[in-house]
Each structure stands twice: as structure tokens, then as C-alpha cells.
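Got your viewer open and a hand on the mouse? Let's take a walk through this one, a stop at a time.

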Amino acid sequence: RLGLKTKFMGKNIHYEESVDSTQKIAHRFAYEDVPEGTAIIAEEQISGRGRMDRKWHSPKFSGVWMSLILRPNIPLTKAPQLTLLTAVAVVQAIEEMTDLVPEIKWPNDILINGKKVTGILTELQAEADRIHSIIVGIGINVNQKPVDFPLELQEIASSLLIEKGAPVSRADLIRSIFTHFEKLYLLYLDEGFFPIKLLWESYAVSIGNHLKARTITHTIEGKALGITDEGVLKLEDENGVIHQIYSADIEL
Ligand code: BTN
């Protein structure tokens, strides 16, 4: 990889033209003990996966569809921190490549002008309570035109091309993600989540605002107070009760 100056992120790249999901390949590789920082990148995904069993639309040549394999020596409960760290890395890469202003919607959506441009899906392989591998899937809509989105997504999703008004090099964007990710990851392993949390909060749209969190079982409305050291969202409802939200869809 030309000009990539990282120590381990993206040093081992597995590239495919077309896959069902890069997550699936990453899971297989992770079992086979590939080096940490291995990246699986595809031009197209036939059955790209989103959070909560949703489909992730991944048309050919227009996005970054990538899964990263990590092996941090951290307890299982801290795995969500890696999702937040990844969001910061992608925001920094988008900032480096464009003059756009990306914002993070808890836990893992990156919005530009209020529309979703990136999603992150974190999955785990664990043995008892130890992490064997964390697989971080990153989907970035890069060069899609409005007509490339299915009708039901056109109001809520966008691409870097649409927001910037010019195409963005996917190779440069990927390189930039590797570089920012590695820097943040090493900082994280060294100093813990606190510095990452500060960065994350500086990019977050949801914090301080009133929002609705839809969990699998119910909906909680309230003011987003911030995130805990684990990366869990704290929401204060109208009665002053503070709820900890581990997984939900957020409506701003
Ligand atoms: C979401 O916002 O729901 C998360 C979307 C994650 C999409 C990426 S694309 C690369 C990787 N492979 C997949 O099948 N999904 C993730």
C-alpha cells in the first residue's frame, strides 16, 4: 500500500471484488488468527449487514465496505468503546479528505448535514469472558449519486459525493482511516477510554439534546447527558430518572 505509514493497521489487506459481507469473511479470518489490524475490503456486498439485523446497501465501486480485525486486551464489557473510537477515526478521516463537518449520532452513525453517511457494526468473538477478536465493520457512502440510493433511503442517507459536490478517492479515505484509527487505538491502549471519550463528545450531535431512544422492548424519551466510561448512553427522563442505554435507535 503506497505511502501507508501505520505499524499494523491495514498492513494486511484482503481485497475482494464481490462478497456477501466483509463481516462474514472477517469472522472466518479472525478464527484463523490473522494479524491484528487485518482489513477485509470489498468493492461490493451482496448482503451487507447493518445493526439490528438490517440490510446495508453496498453497491459496487461507490463506497468503503470494510471490516477490521482487532485483538485488544480488554474485558468484554469495554468492547463498545471500540465502536466509539472507530467513529472518531472515520470522522477525522472525512475531515482530512473534505471540508465537510461530520457529526456522530450515538452510538455509531456519522451524519453530514443531518443525513447518514456512515454506519459502524461491531461484532465480537469471545472465549468465556475474554475477547478473542473484535470485528469492526465500517460502511461509508462515498461516491453514490442520489439515484443510487433506494427510494426509502433518499431522505435519510447521503454520500460524501452528494454533500461535497465532488468525488472522493476511496483509497485515500481508507488510508486516512487506518492512520487515524491506529493513532487513536494506541492512545486508547495506553491511556484508556478517557481521551477518546472527550474527542467523541466533541463530535457528538446527540449530547445535551432531547431525544428518543427506541430499544428492542421500549422507547425512552429524555435529555442525553453524555456517555459513561463504558460508552453507554445516559438519558434523563422527565422525572429526572437516569437511564443507561446499551443499544437503541436514536431519533433526534
Ligand atoms: C449500521 O449503521 O447499521 C451499520 C452498518 C455497517 C455496514 C458495514 S459495511 C462493511 C461491513 N460489512 C457488513 O456487512 N456490514 C459492515
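What radius of gyration would a compact globule with 252 residues have, and what does the protein have? The rule puts such a globule near 18 Å, and the protein comes out at 17 Å, so the two agree. Keep in mind as you click around that this is a predicted model.

**Stop 1: the whole thing**

Start with the full protein in cartoon view. You should be able to find 5 helices and 12 strands. Along the principal axes, the C-alpha atoms fill a box of roughly 55 × 45 × 30 Å.

**Stop 2: α2 and α4**

Now select residues 80-97, which is helix α2, and residues 170-191, which is helix α4. Their axes are 8 Å apart and the packing angle is about 135°. Because of that angle, α2 and α4 count as oblique to each other. Turn the view around a little: α2 passes α4 in a right-handed crossing.

Show some side chains next. On the α2 side the contact includes Leu85, Val88, Ala89 and Met97, and on the α4 side it includes Leu173, Ile177, Phe181 and Tyr188. Sorted by class, the contact of α2 with α4 has 12 nonpolar, 4 polar and 2 charged residues.

**Stop 3: α2 and α5**

Keep α2 and add residues 194-203, helix α5. How far apart are the axes of α2 and α5, and at what angle do they pack? The axes are 9 Å apart, and the angle is about 60°. That makes this pair oblique too, because an angle of 60° falls outside the parallel, antiparallel and perpendicular ranges. Here α2 passes α5 in a left-handed crossing.

To light up the contact, pick Gln81, Leu84, Leu85, Ala87, Val88 and Val91 in α2, then Ile196, Leu199, Trp200 and Tyr203 in α5. This contact of α2 with α5 has 9 nonpolar residues, 1 polar residue and no charged ones.

**Stop 4: α4 and α5**

Hide α2 and look at what remains. The axes of α4 and α5 are 8 Å apart, at an angle of about 135°, and these two helices are therefore oblique to each other. Leu184, Leu187, Tyr188 and Glu191 of α4 meet Phe194, Pro195 and Ile196 of α5. The contact of α4 with α5 divides into 6 nonpolar, no polar and 1 charged residue.

**Stop 5: around the ligand**

Select the ligand and bring up its surroundings. Which of the 21 residues around the ligand come nearest? They are Ser21, Gly50, Gly119, Gly137 and Gly139. The elements giving two or more residues to this shell are α1 (22-31), β3 (63-70), β6 (115-127) and β7 (130-141). Colour the shell by class and you get 6 nonpolar, 11 polar and 4 charged residues.

**Stop 6: two backbone oddities**

Before you zoom in, a bit of background: most residues other than glycine have a negative phi, and most peptide bonds are trans.

Go to proline 107, in the loop between β4 (102-105) and β5 (109-112). The peptide bond leading from tryptophan 106 to proline 107 is cis, with omega near -5°.

Then jump to aspartate 53, in the loop between β2 (39-45) and β3. Is phi of aspartate 53 positive or negative? It is positive, near 60°, in a residue other than glycine.

Technical notes:
Residues numbered from 1 in each chain as written. Predicted model: local features only at pLDDT ≥ 70, side-chain atom pairs only at ≥ 80, totals over all residues. Axes fitted to C-alpha atoms, helices over the stretch in contact; angles between N-to-C directions. Helix = DSSP H or I, 4+ residues; strand = E, 2+ residues; numbered from the N terminus. Parallel < 35°, antiparallel > 145°, perpendicular 65-115°, else oblique. Left-handed = near helix turned anticlockwise from the far one by under 90°. Contact = placed C-beta atoms within 7 Å. Nonpolar A, V, L, I, M, F, W, Y, C, P; charged D, E, K, R; others polar. Near = placed C-beta within 6 Å. Rg over C-alpha atoms; globule rule 2.2 N^0.38 Å.
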